[in-house]
Amino acid sequence: MAAAQATARSSSLIAIIGDEDTVTGFLLAGVGNVDLRRKTNYLVVDTKTTIKAIEDAFKDFTNREDVAIVLISQYIASMIRFQIDSYNKPLPAILEIPSKDHPYDPSQDSILSRVKHMFSAEPTSSRS
Amino acid sequence: MVEAGSMREGTGNLEQLDKEVLQCLDSVHLLLERREILHQTLRQGWMELTSARYTMGPARISSPLFSLKPHAPSAVVDVRGAHVDSTEKIGVPELEEEIAQVVITGPVAFHLVRNREEKEEKPSVTKLSDLTISEKKNPAKLRRRLTSTASEIEQDERKDRWEIKNLTDDSATESDDELTIAEGSKDTTQPLHWFGALVSPHLRSAQSNFSKALDIVVELLNAQSEAAHAHGNVMSLRRAATEN
């Protein structure tokens with residue numbers, strides 16, 4: 001049983017899946033990356049984007065070694081909710097952000113719902 | 001005696017549980033606070049972006065204009081404080097690597113690193129100063145336009161060569177600067193340049209808003225990571241308490 005301390009990843013990328021304005025804004029902030037194979041670290045989702053394309057981009061970003069954070073607009077995350085909920089790795093970390101036309105809904109936040117469940121489960125356990 | 005020991009252990013567990021619950025609630029509080037600030041900052045950014053689009057035209061700020069030339073990001077993230085537990089040596093290095101990546105205990109801390117922060121504003125200022133320096137050093141070029149005889153041109157060229165030889169030491173650094181500036185002005189890695197040489201000030205404001213948002217995103221993720229870690233600890237302590 002050898003416990004080794006190590007920095008997990010350094011100089012990692014921030015990937016984004018969002019609407020055009022959100023992606024444009026974060027690219028202006030300097031997170032955009034295009035590698036030699038012209039592979040980008042962002043996906044602009046519009047009305048023509050299929051759920052399959054979003055799923056593929058999510059899988060790709062979460063499997064990439066050089067990505068530490070995946071930002072995803074909440075309304076897009078709810079399109080692939082099953083995949084988001086089944087994802088449980090610490091890295092890359094997923095963060096759901098609001099989008100221009102869809103304000104943030106705290107009821108869909110996984111951490112908040114877990115904490116809520118933690119306190120709501122208390123009376124049930126004390127009764128039994 | 002055994003009962004007293006188990007009582008002490010029980011109270012120790014309860015104290016630990018309280019501590020973890022408080023930690024979790026603190027993180028959630030921070031999370032909610034940062035979420036609100038993030039929303040406000042993003043809203044301001046979208047507003048500025050819309051204003052810029054109104055000023056410059058809808059076709060001037062759109063996703064087809066994003067540069068697809070290979071470039072590195074100016075903002076990256078360092079992941080710190082992750083403890084990797086490699087439980088046992090298997091003998092197959094590939095599998096060991098896999099396990100080491102999956103088993104990460106402790107809250108993960110993110111740290112935003114910006115590579116080139118103040119390069120963007122410099123080119124226009126230095127360019128002007130360089131132009132004035134070059135005008136002072138080469139007044140002959142201006143004169144040459146007026147003169148038309150071949151002998152005068154030859155003389156001027158000789159003079160220029162001599163001056164260049166004398167000034168090589170001084171001008172070496174300046175010419176380097178000029179080169180870098182010329183490269184910088186054509187640099188597609190600066191996202192503002194994707195949308196044109198002269199962009200709306202609203203676009204610059206949007207850029208600064210989204211940069212702030214990026215900072216908040218990192219703080220938010222740290223809070224989220226701490227909350228998730230504390231939640232995990234609370235659940236495991238509870239399970240241990242119910243088993244006892």
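**Exercise 1.** State where A:Arg38 is found and what is unusual in its backbone.

Solution. Step 1: A:Arg38 is found in the loop between H1 and strand E3 (42–44) of chain A; helices (H or I, at least four residues) and strands (E, at least two) are DSSP runs numbered from the N terminus. Step 2: its phi is positive, about 60 degrees, although A:Arg38 is not a glycine. Step 3: most residues other than glycine have a negative phi, and most peptide bonds are trans.

The model is predicted: local features need pLDDT of at least 70 and side-chain atom pairs pLDDT 80 or more, while totals for chains, interfaces and linings use all residues. Residues are numbered from 1 along each chain as its sequence is written, chains are lettered from A in the order in which they are written, and side-chain values use heavy atoms, without hydrogens and water.

**Exercise 2.** Identify the peptide bond between A:Leu91 and A:Pro92 as cis or trans, and place A:Pro92.

Solution. Step 1: omega is about -5 degrees, and the bond is cis. Step 2: A:Pro92 lies in the loop between helix H4 (81–86) and E5 of chain A.

**Exercise 3.** Describe the interface of chain B and chain A.

Solution. Step 1: 65 residues of chain B and 59 residues of chain A take part in the contact (heavy atoms within 4.5 Å). Step 2: the two chains bury about 5200 Å², 68% of it on carbon and sulfur atoms; this is the accessible area (1.4 Å probe) lost on being put together, summed over both parts. Step 3: two salt bridges link chain B and chain A (a Lys or Arg side-chain nitrogen within 4 Å of a carboxyl oxygen of Asp or Glu). Step 4: one of them joins A:Asp109 and B:Arg35, with the closest N and O atoms 3.4 Å apart. Step 5: B:Arg35 is in helix H1 of chain B, and A:Asp109 is in the loop between strand E5 (93–97) and helix H5 (110–127) of chain A.

**Exercise 4.** Determine how H1(A) and H6(B) are oriented to each other, and list the residues that meet.

Solution. Step 1: the axes of helix H1 (residues 20–28) of chain A and H6(B) come within 7 Å and cross at roughly 85 degrees; axes are lines fitted to C-alpha atoms over the stretch in contact, with angles from 0 to 180 degrees between N-to-C directions. Step 2: the helices are therefore roughly perpendicular (65 to 115 degrees). Step 3: A:Asp21, A:Thr22, A:Gly25, A:Phe26 and A:Leu28 meet B:Leu203, B:Gln207, B:Phe210, B:Ala213, B:Leu214 and B:Val217.

Terms used. Angles under 35 degrees count as roughly parallel, over 145 as roughly antiparallel, 65 to 115 as roughly perpendicular and the rest as oblique.
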